[in-house]
Amino acid sequence: MEHKNKVDFPPHFLWGAASAAYQVEGAWNVDGKGPSVWDIFVREEGRTYKGSNGDVAVDHYHRFKEDVKLMAEQGLKAYRFSVAWSRIIPDGNGEVNEQGLQFYDDLINELLKYDIEPILTLYHWDLPQALLEEYGGWESRKIIEDFNRYAVILYKRYGDRVKYWVSLNEQNYFVGYSYDSGLHPPGIRDKKRMYEANHIANLANATVIHSFRKYVPDGKIGPSFAYRPYYPINSNPENIMAFENAEDLLNYFWMDVYAWGTYPTAAWKYLEENGLTPTVEEGDFELLSSAKPDFMGVNYYRTTAVEKNPLVGGVGAGVKNTTGKKGSTKHSGVPGMYKTTDNPFVETTNWDWEIDPMGIRIALRRIEARYHLPVLITENGLGEFDTVEEGDVINDDYRIKFLESHVSAIQDAISDGVNVIGYCAWSFTDLLSWLNGYQKRYGFVYVNRNEVDEKDLRRIKKKSFYWYQDVIKRNGLT
């Protein structure tokens, strides 16, 4: 749909930026914090780029006032951050660490001092290591009670000031990378265990949403889903079916549960035929269907084209590019369902991610058509190599181009009738990009460090910092 005139962004639109505790805080063993699974996993040789870790990260734990002051200078209306579970409860289910609670109190109060809306994420992948060792973490239903207890502690402590909450961040990726590809802790490769853990995570998500209604009745909560829309490579009906399979198995399999409490029929049939269905107990689907979120959180970075993948001799697991060496990704698929392929109509980043601003509009349109839920864009950004030029100048025009085209597409979606309540760019400062180290930079603010040298961790504003400052001031693009 083309519009003669675009609809303006809403007057109270949440222009924000985002981060995650493990990627920015550092202070991994400070002030009573217990180890998370990532604190342990990164110490295994070969797990991350050049052995990089989040022990110090960008030291946000000690520099949060400096960072928040920069957020205020940029004009942010919102800041999405996650709480480190093991900073609050070091062993995951035991004694509460007051020093950990106080840190987030201080961060929230500092944000509010500058009229920046805090958006708190309960879980952004950093499970307490003790729970993995005690009962296998997300593979045990015991985690539902422990996660809910942790959530209620946060609701009671911060619910008077924090009104926007994200329950689980990218559940589709944390269960997939943890239990299928084995790229994330605990490094398991077993699809059956992945679907078991995923169902338990769904139940945990529904449980904390129920508790939220009691403790923060005037707040809003929803999961943050990593939505990668799929396209058929062409109009061949077999490739159209591959696209339908990919959307069902890789997207609707999660969002349908969040919105309706049910799994897509065709995807569930695939699980049944391959012995992959999770253990379902009495009352599970009643719980799932009774915990509808207030919004669908969306982390959007890319789209992917797919084509037919034969059941016999089809492509399986691929290879992920974690080095920034363009073209090193190897396509993946599920035999009998779909196979990824190159899209000749879009460019890609050095990490082989498709650059497709139209894709975010398509994602938003699909969510509106299927679920009729408001959308909070919880992540969107470009990870690339940045160069500091003479005079501390960082001309990241490529990032501005990426963000500008995506913001424009979001305005198109709003003009189409989609209810978008906010946009949190990823990320505010540079940070540890999980497996990719520190060379893959996303931030509006450059942090002076690399994988092997923490240097002085100096903050340097990039050209994109000022671009976004102007977008916020004008409440959108000119």
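Start with the open sheet of four strands, whose order is 6-8-10-9 and whose pairing is mixed. The coordinates belong to a predicted model. Select strand 6 (230-232) and strand 9 (333-334): these stand at the edges with a single partner strand each, so one side of each has no neighbour in the sheet.

Next, select strand 8 (residues 304-307) together with strand 10 (residues 338-341). The two run antiparallel and are joined by three bridges. To see how they line up, show Val306, which stands opposite Thr340 in strand 10.

Now move to the other sheet on this tour, a closed barrel of eight strands. The strands run 1-2-3-4-5-7-13-14, and the pairing is parallel. Neighbouring strands in this sheet are turned against each other by 25° on average, with direction ignored.

For one pair within the barrel, select strand 2 (residues 78-82) and strand 3 (residues 117-123). Five bridges hold this pairing, in the parallel sense. Ser82 is a useful marker here, standing opposite Thr121 in strand 3. Keep strand 3 displayed and add helix 7, which packs on the sheet and touches strand 3, strand 4 (164-169) and strand 5 (220-226). The direction of helix 7 makes about 165° with that of strand 3.

Stay with helix 7 (residues 142-158) and bring in helix 9 (residues 191-215). Two packed helices are described by the angle between their axes and the distance between the axes. For this pair, the axes come within 9 Å and cross at roughly 30°. Angles under 35 degrees count as roughly parallel, and helix 7 and helix 9 are therefore roughly parallel to each other. Their crossing is right-handed.

Show side chains on both helices to look at the contact. On the helix 7 side, select Ile143, Ile144, Phe147, Asn148, Ala151, Val152, Tyr155 and Lys156. They meet Ile200, Leu203, Ala204, Thr207, Val208, Ser211, Phe212 and Tyr215 in helix 9. Colouring by class gives 12 nonpolar, three polar and one charged residues in the contact of helix 7 with helix 9.

The last stop is a single residue. Select His62, which lies in helix 3 (residues 60-74). Which side chain makes a polar contact with the side chain of His62? Show Asp59: its side chain makes that contact with the His62 side chain, at 2.8 Å. Then add Ala27, which is 35 residues from His62 along the chain, with 8.0 Å separating the C-alpha atoms of the two.

Technical notes: Residues are numbered from 1 along each chain as its sequence is written. This is a predicted model: local features need pLDDT of at least 70, side-chain atom pairs count only at pLDDT 80 or more; totals for chains, interfaces and linings use all residues. Side-chain values use heavy atoms; hydrogens and water are left out. Axes are lines fitted to C-alpha atoms, for helices over the stretch in contact, and angles run from 0 to 180 degrees between N-to-C directions. Angles under 35 degrees count as roughly parallel, over 145 as roughly antiparallel, 65 to 115 as roughly perpendicular and the rest as oblique. A crossing is left-handed if the near helix is turned anticlockwise from the far one by less than a right angle, and right-handed if clockwise. Contact means heavy atoms within 4.5 Å. Ala, Val, Leu, Ile, Met, Phe, Trp, Tyr, Cys and Pro count as nonpolar, Asp, Glu, Lys and Arg as charged, and the others, Gly among them, as polar. A polar contact is a pair of N or O atoms within 3.5 Å; within protein, one must be able to donate a hydrogen and the other to accept it, and residues adjacent in sequence count only if both atoms are side-chain atoms. Two strands pair if DSSP finds at least two bridges between them.
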